[in-house]
Amino acid sequence: MSNFEHHIEVHNLSTWFGKKHILKDITCYFKDNTITAIMGPSGCGKSTLLRSLNRLNDLVPSFRHTGIVLFRGEDIYGPGFSVYDLRTHIGMVFQKPNPFPMSVRDNITYGPKLHGTKDEDELEKIVETSLKKAALWDEVKDDLDHPAPNLSGGQQQRLCIARALSVDPPVLLMDEPVSALDPISATKIEELIVELKNDYTIILVTHNVQQAFRVSDQSAFLYLGELVEFDETKRILEAPTDSRTEAFITGRIG
Amino acid sequence: MTEESSSNPLNQIAVKITQSLKQFKDSDKPGRIDSLGRFGLFIPALASTLIIILILAFLWFESVPIFIDPVGGPGIIVSPTWDPNRDLYGIGIFIVGSLICTGIAIGLAVPLGIGGAIFLSEFCPMQLRQPIKMIIEMMAAIPSIVYGLWAYIVLVPIIKYNIAPLANSTTNGLSVLAGGIILAIMLLPTIVTISNDALQTVPMSLREASLALGATQSETSRKIVLSAALPGVGAAVVLSLGRAVGETMAVLMVTGNSLQIPYSLFDPTYVMTSIITNQLGYAFVFPLWRSALFAVGLVLLIMSMCFTITAKLFIRWGMKTRGYI
Amino acid sequence: MTTQSISESPLRKIYGRLGLKDAVKSRRHLSDYLFKIILGMAIIIIVSPFFFVLFQVASIGFEQVFGTGPGQGIEFLFTFPGAGLEGGIRNAFVGTVELILLASAVGIPLSVFGAVYINEYTQPGKLRAIIEFTSDVLAGIPSIVFGAFGFAFLVDYLHIGMGIVAGSLTLAFMMIPTVLRTTQEALRAVPMSLREASLALGATKWSTTWNVTLRSAFPGVITGILLAIGRVMGETAPLIFTAGNSLSVPTEITGPGSWVASMPYTIWAYISDPRQYLQEKAHGTALALMMMVLAIDVIANLISRKVTRRLV
């Protein structure tokens with residue numbers, strides 16, 4: 001198990017919320033420095049799969065699982081594994097922009113401060129690089145002390161991306177990051193995601209086939225908790241092998 | 001309506017009245033009921049405003065004599081000697097007593113109450129949350145005289161026999177400490193309930209964002225949830241300050257009511273609410289004495305108004321710096 | 001795959017419950033664990049006085065309120081105090097009920113009508129802000145200030161004199177902010193579409209307000225009223241200089257015949273008396289008062305919980 005190939009591998013993962021069986025025996029891996037799209041109609045378990053990867057499902061008391069998720073070859077649900085270290089290494093961007101109700105600067109420095117960065121200059125540098133990576137620096141560099149919730153929706157979401165980048169995680173989870181935004185902001189963030197691919201392993205949940213086609217390298221198609229197809233995006237979209245995938249791509253289900 | 005008449009506020013009101021009277025005459029029966037009802041409801045709506053004005057006016061006029069009399073004057077607010085038999089009406093001692101008791105109570109109740117609210121909102125097992133909330137709401141409903149009875153019968157002896165000897169001091173138990181503790185117990189339900197409500201309004205997504213950055217649950221609750229809910233929590237603290245200063249019966253029964261500045265936790269004291277309760281009954285035939293007691297009431301009233309206003313301003317400030325409004 | 005079997009074992013589950021397994025992983029895990037433990041202890045400290053108070057009052061007062069001897073049980077509430085203040089507390093019990101009824105008769109209409117006016121007939125603006133602000137200020141005023149005001153204004157200035165009228169009016173003033181604000185909240189929760197539906201049927205604003213809006217806000221309004229009653233029922237300070245005290249029930253509207261006792265005042269008067277049986281009576285009165293107030297509180301909560309459930 002120690003000579004792992006990829007940052008994240010999922011083996012035979014099944015999950016339940018109470019009695020409800022959400023994910024059914026999922027096995028997949030996420031290639032480094034690529035964008036993997038998780039597609040599927042709403043309610044198929046896309047978000048649950050994503051949240052299993054950084055153990056955010058643990059917040060729900062009735063959550064149960066079997067199977068294993070490996071991060072760099074270690075079982076993240078294993079007894080000796082620190083969930084806080086895990087989440088430091090796996091960043092997450094949510095569907096709705098959720099900046100903390102504090103200044104732009106404090107939003108970015110929150111993560112690094114938690115993990116022991118105290119030096120003001122270093123923090124300042126982190127703020128600048130994170131915001132630059134998220135293509136937000138030019139817009140907010142003069143208002144770093146303004147409350148973050150005053151930014152526009154698209155800016156807020158880019159701030160959330162910058163916040164996730166602030167602790168420099170190798171993996172980024174994105175849960176439909178543009179679905180709550182207007183088309184112009186959405187395009188901007190899509191471009192940004194493609195750019196980030198060079199430095200990060202990105203796992204993107206989307207129910208938008210076009211978006212998956214535009215940005216992702218490989219795709220997983222989930223339907224009612226089952227992993228129907230898992231391959232290169234181009235292959236899946238051009239020649240789906242399963243009738244359910246085809247139905248989803250052509251818009252008959254979803 | 002001419003330029004002239006519209007500029008004069010009195011004329012404006014007159015025009016408004018004649019207009020509505022005309023409207024009233026022109027309308028049909030349901031329409032008339034409507035406008036009559038509207039007027040009939042307007043009067044009760046002003047009741048609270050009217051009562052505030054009356055309270056302010058009466059306390060002011062009742063306390064004017066002591067403020068203008070040569071034996072009194074505005075200096076009584078800082079003067080520490082209260083002896084109506086010798087025409088000494090310093091009420092400073094009561095203000096100090098109230099502030100000390102309030103300080104002890106707040107010092108005990110605020111950390112405890114906010115901690116309890118965080119536990120209730122963030123970490124409490126689901127099955128326990130509702131029962132605990134219910135008990136705390138019941139605690140808020142218990143009359144202050146009942147708390148006073150318990151403190152007088154149980155707490156005061158405990159302080160006398162168990163706590164004071166620990167500090168090598170002797171006391172009869174009637175002390176600022178007893179007042180502070182019973183006040184803290186009475187403030188806790190307010191602080192916990194309001195703070196808990198404020199913490200619950202913080203969206204789940206903020207907690208998730210913090211946890212996803214690798215924060216522990218306790219770090220999230222302190223640095224994100226508490227910080228996001230700070231306007232509400234701060235308002236809870238300020239409002240409870242007001243309640244502490246104005247609390248009457250329980251404090252009256254356990255602080256000893258002795259005209260001295262307390263130098264230790266075990267010394268008795270005399271608070272503002274107690275002096276009014278104890279002496280207004282005898283004093284009302286002596287104009288200056290009575291007036292001085294109303295001056296204490298006026299100070300209390302102004303303090304409570306300040307606390308209410310501060311709480312409101314604090315909420316506004318907090319919402320602004322957090323970008324909520 | 002050993003990891004898998006451990007993650008499912010019951011032992012792991014118990015460890016997970018207690019969080020002990022996690023607590024030893026690192027310093028941050030440990031401090032997280034300790035933080036939760038400390039907060040849990042805080043909540044225990046917070047709720048324990050409730051049981052201390054209940055125990056103290058019930059341990060002595062139970063005999064009075066539920067006993068079967070002479071002057072105990074139901075007789076405790078319904079016999080007048082006899083010579084040397086022995087006997088029951090009918091004067092205080094009836095006095096409290098009468099004070100509350102009179103105060104409600106004045107305070108509830110004033111505050112409910114006021115809330116209806118500002119919520120249904122005004123736009124958000126200066127007038128509404130002023131009324132809301134003043135009722136918030138009123139809610140924060142210490143009860144002894146209400147007592148002093150009632151004394152200066154009602155008893156002295158208006159020459160009503162001490163007695164049931166001045167006492168209950170003072171309590172009515174104290175009820176206004178609570179009832180006004182809760183009624184307002186309840187009215188605000190009524191969806192606009194309900195009013196529009198009624199108006200669209202040709203109903204007047206007046207009948208819409210009474211038959212539709214206020215009716216659907218009713219549970220919330222009742223809760224507010226009950227909370228306010230529960231609060232003023234236990235007030236002592238406002239009554240000391242306005243209601244007087246009496247060993248019987250008021251027989252007149254003004255003058256010494258209208259003086260009235262109340263349960264909180266009776267507790268205060270008896271507890272500082274060295275006579276043993278008066279201390280016991282004080283505990284009995286406190287137990288009875290506490291039961292009344294808590295019963296009202298529980299009913300209020302039941303009704304308001306129903307409201308929230310229905311709205312969700």
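In the predicted model, the contact between the two chains takes 24 residues from chain B and 24 residues from chain A. About 2,000 Å² is buried between chain B and chain A, and carbon and sulfur atoms account for 67% of this area. On the side of chain B, Glu208(B), Ala212(B) and Leu213(B) together supply 31% of the area that this chain buries against chain A, more than any other three residues.

Chain A contains ten helices and ten strands. Its radius of gyration is 18 Å, close to the 18 Å that the globule rule gives for 254 residues, so chain A is as compact as a globular protein of that length. Along the principal axes, the C-alpha atoms of chain A fill a box of roughly 55 × 45 × 35 Å. Of the 254 residues in this chain, 58% count as buried. Among the contacts in chain A with a separation of 6 or more, 68% are accounted for by residues 24 or more positions apart.

The accessible surface of chain A comes to about 10,700 Å², and 47% of that surface belongs to carbon and sulfur atoms. Chain A carries 27 positive and 36 negative charges, and the mean positions of these two sets are 5 Å apart.

Chain B, in turn, has 14 helices and two strands. The radius of gyration of chain B is 26 Å, well over the 20 Å that the globule rule gives for 325 residues; chain B is therefore more spread out than a compact globule. A box of roughly 85 × 70 × 35 Å, taken along the principal axes, is filled by the C-alpha atoms of chain B. Buried residues nevertheless make up 55% of the 325 residues in this chain. Where contacts in chain B join residues at least 6 apart in sequence, 68% of them are between residues at least 24 apart.

For chain B the accessible surface is about 14,100 Å², with 68% belonging to carbon and sulfur atoms. The chain has 19 positive and 16 negative charges, whose mean positions lie 6 Å apart.

Taken together, the model pairs chain A, as compact as a globular protein of its length, with chain B, which is more spread out than a compact globule. The two chains meet through 24 residues from each, and Glu208(B), Ala212(B) and Leu213(B) are the three residues that supply the greatest share of the area buried by chain B.

Definitions and conventions:
Residues numbered from 1 in each chain as written. Chains lettered and ligands numbered in written order. Predicted model: local features only at pLDDT ≥ 70, side-chain atom pairs only at ≥ 80, totals over all residues. Heavy atoms only, no water. Helix = DSSP H or I, 4+ residues; strand = E, 2+ residues; numbered from the N terminus. Rg over C-alpha atoms; globule rule 2.2 N^0.38 Å. Buried < 20%, exposed > 50% of the residue type's maximum accessible area, 1.4 Å probe, protein only. Contact = heavy atoms within 4.5 Å. Areas by Shrake-Rupley, 256 points an atom, 1.4 Å probe, with all protein chains shown as cover. Lys, Arg positive; Asp, Glu negative; His and termini not counted. Charge placed at Lys NZ, Arg CZ, Asp CG, Glu CD. Buried area = accessible area lost by both parts, 1.4 Å probe.
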